[in-house]
Amino acid sequence: MTTTTLPDEKGHFGMYGGRYVPETLMQAIIELEKEYEKAKVDPSFQNELNDLLRDYVGRETPLYYAKNLTKYAGGGKIYLKREDLNHTGAHKINNSLGQALLTKRMGKSKVVAETGAGQHGVATATACALLNLECVIFMGEEDILRQQLNVFRMEILGAKVISVKSGSATLKDAVNEALRYWVSNVEDTHYILGSAMGPHPFPKIVRDFQSVIGQETKLQFMKKEAKLPEAVVACIGGGSNAIGMFYPFLEDREVRLYGVESAGLGLHSEKHAASLAKGKPGILHGAYMYLLQNQDGQIQEAHSISAGLDYPGIGPEHCYLHDIERVKYDAITDDEALEALQVLSKTEGIIPALESAHAISYALKLAKEMEPTEHIVVCLSGRGDKDMEAVRSKIGGVKA
Amino acid sequence: MNRIEKVFKTMKVEGRKAFVPYVMAGDGGLASLKEKLVFLQEAGATAIEIGIPFSDPVADGPVIQEAGIRALNTGVTLQEIVDCIREIRPIIHIPLIFMTYMNPLLAYGLERFSRDIQTSGIDGLIIPDLPIEEEEIITAYLDEVKIELIRLVTLQSPIERMEEITKRGKGFVYAVTVNGITGTRAQFATHLSSHLKKIKSVSPLPVLAGFGISTPEHVEEILKYCDGVIVGTKIIELMEAGNYEHIRALIDATKLPIA
Ligand SMILES: Cc1ncc(COP(=O)(O)O)c(C=O)c1O
């Protein structure tokens, strides 16, 4: 069965996905879908986006053979897809720019977005500055504390950052508030959702804008090794860098795909963000997906050391790929991610985002079990500058 | 005949307008639900909307969010709410309508939920995160036990969509009066009256307006263009404050002759 023709026309990936939103938003998401389908086949839209990706974002990003990390792991060869080198420091800009162009195309002048780690907020604030759109970003109070630097970046870029105090005051609650804001301002505002989740057509739009990661990787790897990699690894919050990396490989059955969620303090604890390992299917934020929830269907708080993975759900396409076993999903703890962040920094001189460090940690385990003739590509989704304060508070540092 | 259908038939014959208040089950403890329903029935409510608390109510403003959190903090479960309705039902004669989001229903099991609410005496269901595109997930189970799924129409719904929604609808149509979430409003959009008239003109069902209605003056004004009003946030605020007289005043505003 082919997996690349989904979602169906109603936005379903098998039983997952769909459009479980208030009626007030239906017209907006139907319009968005129509406009997106037109833009997709409009050469002038695609050219404008591609020019920006090249000259403004700095694509294509390098595919880097991490010789020292490979030696450290001992086993399969590790390549890094350097999304951390994008303008603004993460993959999020690929999607933000695409959707900001769509906003213009729909004749809307304002944008609302949620953010967890602040990377999507920064990317969206950046795209809005560039394209002269008004920008409001909702961010959980807890995340504002852990990601001070990004909050200030958004403000410098001209965005209004609104602190969300409800619930766990993290990404889930920021999405709730962004949706509420969108319902109230739908006439002139587009919601730039930051991950491959939410109601149809967002999971598809975000996937398509992020697929540039996997497309480039495939060509670059072919050029270097004259074959496809044996394994591809990406971390998962809502799942946008992962689906962007995986999608172009879905039909290449010989390529093993690995999605890495956050195991937080451990899967046996209550404090993790492993929606696939520990959740069950349900409906939140407009989509049917695996969710961390109690037996009464109340959503549970997620926990992760990395704000970008701290979400109790996972995008619907990943749920489907999990059920059909095309992608293997696993989880990495806070401590393992912290360790991997330090290893990559010391061996390669690359400080990864804590989110990406989950993928690095998993790749290190995987590499050990692979032959030196085999290859792993890791999506290095972002750089670690934003996390330095959080990391220092965990592992300490030199005092003046 | 379902109680909702019956009530609206009578109202039409008698030329009366409907008032449907909203209460959050479990807010103030589940034991208080009975007193609230008895009071609202006695004060003249046409039917009562009973909210089932959910952790992430995206269609609700701060007042209903907080009522939901208070309810959840008491540890109340959907099963307990259903059982409570079964117990109270013999003394409540007006239609009772559950309002909740999809996820608690999925966790309960959609088929079991439909059967259990029917036997406990619930007549209708409002699910704000279930547009017509997705409703197949539950309609077969509801039809089986004759629970009426109340559909919402909003300021954003174009005329063809209004027609489609009202055609499918059961009981009554819920006309959302604002672009936004629940919560009191001082004013409504100037085109609200023409919007309500448009819905009235296409709808084979009675049209009830809700979201933001908070004063007897709002009630009077809006009733010029539709068959009834639904009041949520304001009722919760007034109940919190123990201001039952003000609730009576809101309900009594539906009884004034329409100018
Ligand atoms: C660097 C980085 N990687 C990964 C993620 C997780 O998001 P997603 O799963 O959508 O890629 C984030 C989210 O903020 C991020 O900033």
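Let's start with one residue pair: in chain A, A:Y20 stands opposite A:G286, which sits in strand 12 of chain A. Keep in mind as you look around that this is a predicted model.

That pair is a good way into a sheet. Strand 2 of chain A, residues 16-20, is joined to strand 12 of chain A by 2 bridges, and these two strands run antiparallel. Zoom out a little and you'll find 4 strands of chain A forming an open sheet, in the order 1-2-12-11, with antiparallel pairing. At the edges you have strand 1 (12-13) and strand 11 of chain A, each of which pairs on one side only.

Now for another part of chain A, where the strands are arranged in another way. Find strand 5, residues 110-115 of chain A: 6 bridges join strand 5 to strand 6 of chain A, and the two run parallel. If you want a spot to click on, try A:K110, which stands opposite A:E134 in strand 6 of chain A. Is strand 6 of chain A enclosed or open? In strand 6 (residues 134-140), 6 of the 7 residues are buried, so this strand is largely enclosed by the rest of the structure. "Buried" here means under 20% relative accessible area.

Next, let's bring in the partner, chain B. How many residues does each chain bring to the contact? Chain A gives 35 residues and chain B gives 35 residues. Together they bury an area of about 2800 Å², and carbon and sulfur atoms give 51% of that. Our opening residue turns up again here: A:Y20, A:E23 and A:R180 supply 24% of the area that chain A buries against chain B, more than any other three residues.

A:E23 deserves a second look. A:E23 forms a salt bridge with B:R161, and the closest N and O atoms are 2.6 Å apart. Between chain A and chain B the count is 2 salt bridges, and there are also 18 residue pairs in polar contact.

So which elements of chain A touch chain B? Strand 2, helix 1 (23-40), helix 8 (171-184), strand 11 (280-284) and strand 12 (286-291) of chain A each supply at least two residues to that side. Helix 8 of chain A gives the most, with 8 residues. As for the kinds of residue, the side of chain A that touches chain B divides into 13 nonpolar, 13 polar and 9 charged.

Key:
Residues numbered from 1 in each chain as written. Chains lettered and ligands numbered in written order. Predicted model: local features only at pLDDT ≥ 70, side-chain atom pairs only at ≥ 80, totals over all residues. Heavy atoms only, no water. Contact = heavy atoms within 4.5 Å. Buried area = accessible area lost by both parts, 1.4 Å probe. Salt bridge = Lys/Arg side-chain N within 4 Å of Asp/Glu carboxyl O. Polar contact = N/O pair within 3.5 Å; in protein donor to acceptor, adjacent residues only side chain to side chain. Nonpolar A, V, L, I, M, F, W, Y, C, P; charged D, E, K, R; others polar. Buried < 20%, exposed > 50% of the residue type's maximum accessible area, 1.4 Å probe, protein only. Pairing = 2+ DSSP bridges.
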